[in-house]
Amino acid sequence: MVLSTLSLIASASLLLFDGIVVDEGGIPTDIISYELGYWMWLTSSGVMALVTLILMVLKRLNNETSFN
């Protein structure tokens, strides 16, 4: 859960930046738009975190209802 949440935070944190470095010169370039690839990457991180949370809850419920 920790790793999937960190992945979601890392991918969403790019929304906070105005520019990125795209070459070895170190000169920043403005971010002018977020294309489909970025939104797919962000969505996949969110789905991974959500599914991990659901699996953790289901496992906890299963452990509470089992008779050992």
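**View 1. The whole chain and its surface.** About 5,700 Å² of the protein is exposed, with carbon and sulfur atoms supplying 70% of it (Shrake-Rupley areas, 1.4 Å probe; for residues, only the protein chains shown count as cover). This is a predicted model, where local features need pLDDT of at least 70, side-chain atom pairs need 80 or more, and totals for chains, interfaces and linings use all residues. Residues are numbered from 1 along each chain as its sequence is written, and side-chain values use heavy atoms, leaving out hydrogens and water. Along its principal axes the C-alpha trace spans about 65 × 20 × 15 Å.

**View 2. Helix 2 from end to end.** The 30 residues of helix 2 should span 44 Å at 1.5 Å a residue, and the end C-alpha atoms sit 43 Å apart, which agrees (expected span: 1.5 Å times one less than the number of residues; helices are DSSP runs of H or I, at least four residues, numbered from the N terminus). Y38, L42, S45 and A49 are its buried residues (buried is under 20% relative accessible area, exposed over 50%, partly exposed in between). Helix 1 is part of what covers them.

**View 3. S4 up against helix 2.** S4 belongs to helix 1, residues 2–12. Why does S4 count as buried? Its relative accessibility is just 6%. Leaving aside neighbours within four places in sequence, S4 is in contact with S45, M48, A49 and T52 (contact: heavy atoms within 4.5 Å).

**View 4. I54 on helix 2.** I54 lies in helix 2, residues 36–65. With 43% relative accessibility, I54 counts as partly exposed.

Terms used
Helices (H or I, at least four residues) and strands (E, at least two) are DSSP runs, numbered from the N terminus. Buried means under 20% relative accessible area, exposed over 50%, partly exposed in between (1.4 Å probe, protein chains only).
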